Amino acid sequence: MAKYNLKINGKIRKVDIDPSTPMLWVLRDHLDMPGTKYGCGMAQCGACTVHLDGTAVRSCSLPVSAIGKGAITTIEGLSENGTHPVQKAWIEHDVAQCGYCQSGQIMSAVALLKENPKPTDADIDNAMSGNICRCGTYLRIKEAIKTASKN
Amino acid sequence: MTNIQNMKPVKKTYNRRSFLKSSALSGGGFLLSIGWLSSGQRSAFKSTDNQTITNLPSNWNELNGFIKITADNVIKIMSPNPEGGQGVKTSMPMIVAEELDVNWKNVIVEQADLDTKHFTRQFIGGSQAIHQGWKPLRTAGATARQMLREAAATQWQVPVDEVSTELGILYHKKSGKSAKYGEMASAASRIPIPKEVKLKDVKDFKIIGKSKSNVDIEKIVTGKPLFGIDTQKEGMLIAMIIHPPAMGLKFKAIQNEDVVKKMKGIKDVFPIKIFNEGYEKTFFDTLNFNEVVAVVGNSTWEVMKAKKALKIDWEPIQSSTENRNMLGRKLTVKIPSGLESSTEHTEKLAEMLKKPLNVLRKDGDPETAFKNATKIIERTYTGPFLAHNCMEPMNFYAYVTDEKAELAGPLQKPEFTEQALSARLGMPLDKIDIQITRLGGGFGKRSYAHWLLEAALISQKVKAPVKLIYSREDDMTSGIYRPAYSATYRAALDANNDLIGFHVKAVGIPESPLFPNRFPAGAVDNYLAEDFTIDSNITVGSYRAPRSNFIAAAEQSFLDEVAEATGKDPIEFRLDLLKKAKEKPVGKTNDYDPARYAGVLELVREKSGWEQAKTTRKLGVSAYYCHDSYAAHVLDIEVKNGEPIVKNVCCAIDCGIVVNPDTAKNMAEGAVIDGIGVALFGKMTFTKGVPDKNNFHTYRMIRMNEAPKKIDVHFVQNNIDPSGMGEPAYPPVFGALANALYKATGKRFYQQPFMDFMG
C-alpha cells in the first residue's frame with residue numbers, strides 16, 4: 001500500500017492503495033468515477049482511455065505508481081454538461097448505439113484534436129483505430145471529429 | 001451521488017391503472033417504482049432536448065403504466081424494454097408521445113424496472129420491441145389523451161367530441177377555453193379507462209418518422225453511470241469467478257484457498273453451483289459450466305490478483321443429458337464428454353454433409369430434377385464459432401438476504417432470468433427485484449444470465465451486496481458462442497439455364513442454421529431442405545440474427561454463383577425468382593413477402609447505381625429477409641496489398657414505418673460495419689476444449705481504419721406497421737462482401753472468416 005496525491009480533473013485526490021493498481025480501477029472503484037470504462041484490461045480496446053498530461057493513455061495498463069505529478073483528465077473532466085466541442089459534436093451526430101465505448105472514443109478524439117486540430121481522414125483513422133466499437137459507430141465518430149475540428 | 005442505481009429500490013405498488021396487460025394488449029402496461037424521484041437525491045431532470053426542469057416533480061398523476069403527468073405539466077413516459085444500443089429507449093416512448101399528442105421536447109423518458117405482473121415481453125430479442133410494441137404503445141398514448149379530453153369536457157361542461165388537443169394542450173375552440181395536460185391530469189387519472197380509443201392516421205404523425213436524439217446521449221458523452229458495471233452501493237463487495245479452463249472440464253477442488261483468503265482485500269473464496277440438480281432448464285438457461293469458483297474482495301484489482309494466485313484442480317466431465325423446456329417444447333440435450341478441437345469439428349461437419357439428413361421441406365421431385373439437370377452447381381460454406389464480445393463485459397449486482405433479492409444490471413430477458421433465480425433461491429418472484437440498466441451491447445449474449453445467478457449466489461453466501469464482474473478473458477472464454485455451421489447447396493439448371501432444382505443441407509454444432517421456408521423456397525418447383533445437429537460440449541447461444549447470420553451468407557453467396565452460371569445479372573436473377581414466388585408460389589408456407597423482398601432489391605439497384613457501375617466497379621449484392629424486415633446491400637470494394645477496402649455501401653431497407661429514422665440508419669450502419677468485421681476476422685477456435693482466443697489481441701475486431709468509407713441507407717417508404725432494425729440489416733452483409741470480393745479477386749469465399757483465405 002502507498003499513498004498518492006493524484007491530480008485528476010484539476011483536483012487533488014488522495015488514495016492509499018496497492019501501487020500496482022491500474023488507474024482504471026483507481027478511478028472506478030476508489031474515486032467513484034465510472035465514466036472511464038473497462039473493456040479488455042490490456043490496452044487493446046481503448047474503452048479506458050484518459051489523458052495523462054494531455055496525451056491519450058489506456059488507464060487499464062497504467063499503474064497508479066507511474067502517474068507521479070502527471071495530470072489526469074477523464075471524461076468527467078471534459079465538461080459537466082456535455083459542452084466540450086467534442087461532446088457537442090457527439091450529440092449532434094447522435095453517435096452512440098450502446099454507448100459503452102464512447103467515453104474512451106471521445107477521450108481519444110479530444111487528444112487527437114489537441115495535437116492536430118484539422119485531421120485528415122487518415123489522421124483520424126490512425127488516432128482512433130485503438131478504440132473498438134462493437135456496435136459499429138465508426139463513421140459517425142469520424143463525422144463528429146470532423147465537426148468538432150471546425151469548432 | 002447521482003447514480004440512480006445507488007438508490008434503494010422501492011417496492012412496487014400496483015393499482016388499476018396498470019390496465020394494459022389485463023386488457024390483453026401484448027407488450028402492455030406496467031407500473032414501476034417512482035420513489036426515488038421524490039427522494040431529493042437528484043437535483044434536476046432533463047427533458048428530451050436536455051432542458052433542465054427544476055422543481056423536482058413529486059406528485060405524478062398516473063394515466064396508465066406508461067404515462068405520468070404532474071400538475072405543473074411535466075410529462076414522463078416510461079420505456080419498457082431494456083436498451084442495448086438499438087434505440088428503443090427513445091423510439092418506444094416516441095410512439096406513446098405521438099398518440100398522447102405532446103411536444104417531444106417536454107417529455108422525460110425513464111427506464112422501467114422488470115415488472116412481470118404488468119408487462120409482457122419486456123425483453124430484447126428478435127428485433128421485436130417496435131414490431132410487437134407498436135399497437136400497445138400507441139394505445140397507451142391514445143388512451144391517456146382520451147382521458148384528458150374527458151376530464152376537460154367534464155370540467156368545462158362541453159361534449160367530449162368538441163375537446164381537441166395539440167402538443168400537450170387541451171382546447172375547446174367554441175368557448176376559447178384551453179388547459180395544459182397537467183391541469184387536467186389529476187382529474188383524468190380518476191376517469192374510468194376507455195374501452196376503445198381511436199388511433200391517429202399515419203399521415204397525421206408528428207413525432208414518428210422524425211429523427212429524435214437518443215435520450216441518453218448526454219449521459220453517455222459525459223460518462224454518467226448508466227451501465228450495470230457502473231453500479232456502486234454502500235458496502236458493496238467485488239466478485240469475480242474462475243471457470244474451468246476448457247470446455248469438457250469441471251471443478252474438482254481448490255488447492256490453496258487458505259493462502260488466497262489471506263491476501264489483502266480478499267473476503268472469501270468458494271465454489272458455487274449455479275443450477276440445482278434436476279432443475280428443468282428453460283430456453284434462456286445456459287448449459288454452461290455449472291460450478292465455478294468465486295473470489296470476493298474489496299476492490300476489482302485485489303480480486304484480479306487473487307484470481308491469478310488461486311490454484312484449482314479440474315477434472316473431465318462425464319457425458320450427460322439435460323432436460324429442457326424450450327418455451328413449451330420439451331427436449332433432451334446430450335452433452336458429450338471429451339476435450340474438443342476445431343479440427344475435429346471441421347471433419348465432423350464435412351462428414352455429416354455427405355449423409356442424408358433430416359428432411360424439413362420437400363417440394364416437387366428434387367431427385368428427378370437433379371437427374372435431368374444440364375448443369376449442377378454444388379458448393380459448401382462454413383462459419384466458425386463466434387464470441388459476442390460486447391464491449392461491457394458480463395456483470396451483475398446482487399444483494400440477496402433471507403427476505404428478498406435485489407439485483408441490477410444489463411440483461412436482455414429479465415423475465416426469464418427472474419424465474420430461474422426464483423427457482424434457484426427458492427424465493428417467490430415477488431421477493432425479487434431486478435433493475436434494468438443500459439446494456440453495453442447485447443447481441444444475444446445477454447439473453448443468458450448465469451452471471452446474474454452467480455452474483456446472487458455469491459451475495460447470499462457472503463451476506464453482502466456484491467457486484468460480479470467478468471474479466472474480458474472470462475467473458476470470451478466462458479462459452480455461449482455463435483454455433484459453428486456448414487451448409488452444402490446444390491442447384492440444378494436445365495438447358496435454358498432455368499433453376500429447376502434447389503437443395504440445401506445444413507449442419508451445426510450443436511444447433512442447425514436452417515430456415516426451410518425462406519427464400520428461395522417457394523420460388524423453385526423442386527426444392528429440398530435438410531439439416532442435422534452435432535452434439536458438443538461447446539456451449540452456444542443467440543448471436544445477432546441467430547442462424548440467419550450464417551445461412552444468409554451461404555445462400556446469398558451461392559445464389560450469386562448460380563446467377564453467374566445462368567448468365568444473368570445477380571439482381572435480375574433474384575428478382576425473377578421472386579416474381580415466380582409471388583405469381584406462382586411453390587408450397588404452402590413461405591416465410592417472406594416476395595413483393596417486399598423484391599422492393600429492397602429494386603431500391604438498392606437504383607440507389608447504388610448498379611446498372612452503370614457493375615461493369616466498372618467491384619460490386620457485390622445480397623438481400624435477406626429476417627425478423628419481419630427486408631434488407632439489401634451493395635458493397636463497392638477494392639483490394640490493396642491483400643486487404644479489402646470497402647469504399648461504399650448502399651443499403652435498402654423495408655422495415656415498414658420508420659419510427660426514428662436517424663437511429664434506424666445508425667442501426668443499419670452498425671450492422672454493415674459489424675458484419676464486415678465478423679465476416680473478415682471473426683472466429684473462435686478450440687484446442688482440446690480450450691478457447692484459442694481470450695482477448696482482443698488475438699480475437700480480431702473491426703476497427704475504424706477497416707470500416708467502409710461511406711454507407712448510404714435508404715428506406716422503402718410505406719405505411720406498413722413497423723418491424724425491427726436490430727438484426728435484419730446484419731445477415732445480408734456477409735454475402736454482399738463475399739460477392740464483392742469475388743469481383744475484386746476472382747476468387748469465391750466459401751469459408752469464414754474471409755481474411756484467412758485472402759491469400
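## A tour of chain A and its two interfaces

Let's start where chain A meets chain B: seven salt bridges cross this interface. Keep in mind as you click around that this is a predicted model.

**Stop 1: one salt bridge.** Select Asp125(A) and Lys709(B) and show their side chains. The two meet in a salt bridge, with 3.9 Å from N to O. Polar contacts can go on screen next: between chain A and chain B, 28 residue pairs make one, both partners being at pLDDT 80 or more.

**Stop 2: the helices of chain A that face chain B.** Colour helix 1 (23-30), helix 2 (75-78), helix 3 (85-92), helix 4 (102-115), helix 5 (121-128) and helix 6 (138-149) of chain A; each of them brings at least two residues to the side that touches chain B. Which helix of chain A gives the most to that side? Pick helix 6, which contributes five residues. Now colour the side of chain A that touches chain B by residue class, and you get 23 nonpolar, 19 polar and 12 charged residues.

**Stop 3: the whole interface.** Zoom out and select everything in contact between the two chains: 54 residues belong to chain A and 64 residues to chain B. Together the chains bury about 4900 Å², and carbon and sulfur atoms account for 57% of that.

**Stop 4: inside chain A.** Hide chain B for now. The domain assignment splits chain A into domain 1 (2-78) and domain 2 (85-149), so give each range its own colour. How far apart are the C-alpha centres of these two domains of chain A? They lie 21 Å apart. Where the domains touch, 16 residues come from domain 1 of chain A and 13 residues from domain 2 of chain A.

**Stop 5: between the domains.** Domain 1 and domain 2 of chain A bury about 1300 Å² between them, 59% of it on carbon and sulfur atoms. Select His51(A), Ile75(A) and Leu78(A): this trio supplies 34% of the area that domain 1 of chain A buries against domain 2 of chain A, more than any other three residues. Looking for salt bridges between these two domains of chain A gives a count of zero, but seven residue pairs are in polar contact there, both at pLDDT 80 or more.

**Last stop: the domain 1 side.** Highlight strand 3 (49-52), strand 4 (55-58) and helix 2 of chain A; each supplies at least two residues of the domain 1 side that touches domain 2. By class, that side of domain 1 of chain A holds six nonpolar, eight polar and two charged residues.

Methods
Residues numbered from 1 in each chain as written. Chains lettered and ligands numbered in written order. Predicted model: local features only at pLDDT ≥ 70, side-chain atom pairs only at ≥ 80, totals over all residues. Heavy atoms only, no water. Contact = heavy atoms within 4.5 Å. Buried area = accessible area lost by both parts, 1.4 Å probe. Salt bridge = Lys/Arg side-chain N within 4 Å of Asp/Glu carboxyl O. Polar contact = N/O pair within 3.5 Å; in protein donor to acceptor, adjacent residues only side chain to side chain. Helix = DSSP H or I, 4+ residues; strand = E, 2+ residues; numbered from the N terminus. Nonpolar A, V, L, I, M, F, W, Y, C, P; charged D, E, K, R; others polar. Domains from an automatic or database assignment.
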